[in-house]
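I opened my notebook beside the viewer and went through this one step by step. Here is what I looked up, in order.

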Amino acid sequence: MASSSDLENLRLYCQLGFSIIPIKAGQKTPQVDWKKYQQETASYEQVLEWSENFPDCNWAVVTGKVSNVMVVDCDNDEAFQTAKALEIDRKSGSAGMPRP
């Protein structure tokens, strides 16, 4: 099961309205059928159940409208500079959020 600080962070993510799902540690593979979580968020009770069922998992935020989160992946310096010129950078988002 997740540590108490991890559970507190997960509770915070749920309260903030993020759609979070468990993923395999070190991978991006969901441990649950996640398609419905593209449209709705899991309850904190569901997240607690997942944390018991998948004690060694990592957690992912389902991006898009459901979580009101957009991700821009810059794979090289040119892409990063373009994002910066468009004012899409760490200051635009929640880079300081705690990580479970």
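What share of the 100 residues of the protein chain counts as buried? I found 24%, where buried means under 20% relative accessible area, exposed over 50% and partly exposed in between, with a 1.4 Å probe and protein chains only.

**Ground rules.** I am reading a predicted model, in which local features need pLDDT of at least 70 and side-chain atom pairs count only at pLDDT 80 or more, while totals for chains, interfaces and linings use all residues. Residues are numbered from 1 along each chain as its sequence is written, and side-chain values use heavy atoms, with hydrogens and water left out.

**Confidence.** I checked pLDDT next, the predictor's confidence in each residue, from 0 to 100. The chain has a mean of 87, and 87% of its residues reach 70 or more. Strand β1 (residues 20-23) has the highest confidence at 97, and helix α3 (residues 77-85) the lowest at a mean of 87. Residues 94-100 fall below 50, and beyond near neighbours in sequence I see 15 contacts for this stretch in the model; contact means heavy atoms within 4.5 Å. Where pLDDT is low, the predicted coordinates should not be read in detail.

**Layout.** I listed three helices and two strands, in the order α-β-α-β-α along the sequence. These are DSSP runs numbered from the N terminus: helices are H or I with at least four residues, strands are E with at least two. Among contacts between residues at least 6 apart in sequence, I noted that 66% join residues at least 24 apart.

**Core.** I then looked for nonpolar cores, meaning sets of buried Ala, Val, Leu, Ile, Met, Phe, Trp, Tyr and Cys residues joined through side-chain atoms within 4.5 Å. The largest has 18 residues, and L10, I20, I21, Y37, V47, W50 and W59 have the most contacts inside it. At least two residues come from each of α1 (4-15), β1 and α2 (44-53), and α1 gives the most, with four. I picked V47 for a closer look: not counting residues up to four places away in sequence, V47 touches L10, C14, I20, A42 and W59. In soluble globular proteins, nonpolar side chains tend to be buried together.

**Cysteines.** How many disulfides does a search of the whole structure find? I got zero, taking a disulfide as a pair of cysteine sulfur atoms within 2.5 Å. C14 is buried because its relative accessible area is 18%, whereas C74, at 28%, counts as partly exposed.

**Q27.** I found Q27 in the loop between β1 and α2, and its 41% relative accessibility makes it partly exposed. The Q27 side chain makes a polar contact with the side chain of T29 at 3.2 Å. For such a contact I need a pair of N or O atoms within 3.5 Å; within protein, one must be able to donate a hydrogen and the other to accept it, and residues adjacent in sequence count only if both atoms are side-chain atoms. The C-alpha atoms of Q27 and C57 are 9.4 Å apart, with the two positions 30 residues apart along the chain.

**Around α3.** N76 caps the N-terminal end of α3, with a side-chain oxygen 3.1 Å from the backbone nitrogen of E78. E87 follows α3 and has a positive phi near 60°. N68, in the loop between β2 (58-61) and α3, also caught my eye: N68 is not a glycine, yet its phi is positive, about 55°. Most residues other than glycine have a negative phi. N68 is exposed, with a relative accessible area of 72%.
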